[in-house]
Amino acid sequence: MLRSPARGEPGYTAAMPEVDLQPHQAQWSRDYAAVAGELRLAFADAPVLIEHIGSTAVPGLSAKPVIDVLLGASSLPVIEARIDALAALGYQYVARHEAVIPLRRYFVKAAVPRVHVHGVVIDGQIWREHLAFRDALRGDQALCAAYQDLKLALAIRHAEDKAAYTEAKAPFIQAVLRAAGLR
């Protein structure tokens, strides 16, 4: 579940923009806090959980300057009911990825920094996997360093193809999830 569309799958784009890894920035935590505040406004009357995920959520880890947010609700219809409210805040609903990940509702805010919101069911597989991977990296410096080395090498190898870069990270991610008992 922690993957982008692979070659040949719906939603795959062969010529995605270059991979732009940046050293970890303290600003990313502040950016996440601002995004979480916006999301709380859109879901003011619905119980949701909001988590910072992805590499920008791991201190010391290089990342593409994209704030990934895990938005958890009791059901996908709770999230779907807020599509217009999210659009009013600048979040574009990207339905095409549901062909690959049907249990996620995906939103993008093309701002600086860019924001990706992954709307899922709390305690569902996607929720558990994203948090387990983030927490494994936060809790194990050697694992985080190994992932950092992999990301830097892959960013060079797949500098012009974000999808290939993401796909090449998948075996590492899957191994971490297996170690956490989620695969």
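## Strands and the model

Helices (H or I, at least four residues) and strands (E, at least two) are DSSP runs, numbered from the N terminus. On that basis, valine 94 falls in the loop between β3 (92–93) and β4 (105–109). The model described here is predicted.

## Strand pairing

Strand β5 covers residues 114–121. Strand β2 (residues 66–73) runs parallel to β5, and 8 bridges join the two. In this pairing, leucine 70 sits opposite histidine 118 of β5.

β5 also pairs with β4, this time in the antiparallel sense, over 5 bridges. Arginine 105 faces glycine 119 in β5. β4 and β5 make a hairpin, with 4 residues between them. β4 is antiparallel to β3 as well, through 2 bridges. There, glutamine 92 has valine 108 of β4 as its bridge partner.

## Burial of β4 and β5

How many residues of β4 are buried? The count is 5 of 5, so the strand is largely enclosed by the rest of the structure. Arg105, Phe107 and Lys109 point one way from β4. Tyr106 and Val108 point the other way. All of these are buried, on either side. In a regular strand, side chains alternate between the two faces of the sheet.

β5 is mostly covered too, with 6 of its 8 residues buried.

## Two loop residues

Is valine 94 buried or exposed? Its relative accessible area is 8%, and buried means under 20%, so valine 94 counts as buried. Leaving out residues up to four places away in sequence, valine 94 touches Tyr106 and Val108. Both of these contacts belong to β4, where they point the same way. Valine 94 lies 35 residues from glutamate 129 in sequence, and their C-alpha atoms are 21 Å apart.

Serine 62 occupies the loop between β1 and β2. Its relative accessible area is 8%, so serine 62 is buried as well. Which residues does serine 62 contact, neighbours within four places in sequence aside? They are Gln22, Pro23, His24, Ser55, Gln148, Lys151 and Leu152.

## Helix α4

Helix α4 takes in residues 125–139. Its 15 residues, at 1.5 Å a residue, should span 21 Å. The end C-alpha atoms are 21 Å apart, so the expected span and the model agree.

Which residues of α4 are buried? They are Ile126, Trp127, Glu129, His130, Leu131, Ala132, Phe133, Arg134 and Leu137. The elements that cover the buried residues of α4 include the strands β1 (49–53), β2 and β5. The helices α5 (141–157) and α6 are also among them.

## Packing of α4 on α6

The axis of α4 comes within 10 Å of the axis of α6 (residues 162–179), and the two cross at roughly 95 degrees. Angles of 65 to 115 degrees count as roughly perpendicular, so that is how α4 stands to α6.

From α4, the contact uses Glu129, Ala132, Phe133 and Ala136. From α6, it uses Phe172, Ile173, Val176 and Leu177. The residues of this contact divide into 7 nonpolar, no polar and 1 charged. Why can residues spaced along a helix share one side? An α-helix has 3.6 residues a turn, so residues three or four places apart point the same way.

Glu129, Ala132 and Phe133, which meet α6, also appear among the buried residues of α4.

Notes
Residues are numbered from 1 along each chain as its sequence is written. This is a predicted model: local features need pLDDT of at least 70, side-chain atom pairs count only at pLDDT 80 or more; totals for chains, interfaces and linings use all residues. Side-chain values use heavy atoms; hydrogens and water are left out. Axes are lines fitted to C-alpha atoms, for helices over the stretch in contact, and angles run from 0 to 180 degrees between N-to-C directions. Angles under 35 degrees count as roughly parallel, over 145 as roughly antiparallel, 65 to 115 as roughly perpendicular and the rest as oblique. Contact means heavy atoms within 4.5 Å. Ala, Val, Leu, Ile, Met, Phe, Trp, Tyr, Cys and Pro count as nonpolar, Asp, Glu, Lys and Arg as charged, and the others, Gly among them, as polar. Buried means under 20% relative accessible area, exposed over 50%, partly exposed in between (1.4 Å probe, protein chains only). Two strands pair if DSSP finds at least two bridges between them. The expected span of a helix is 1.5 Å times one less than its number of residues.
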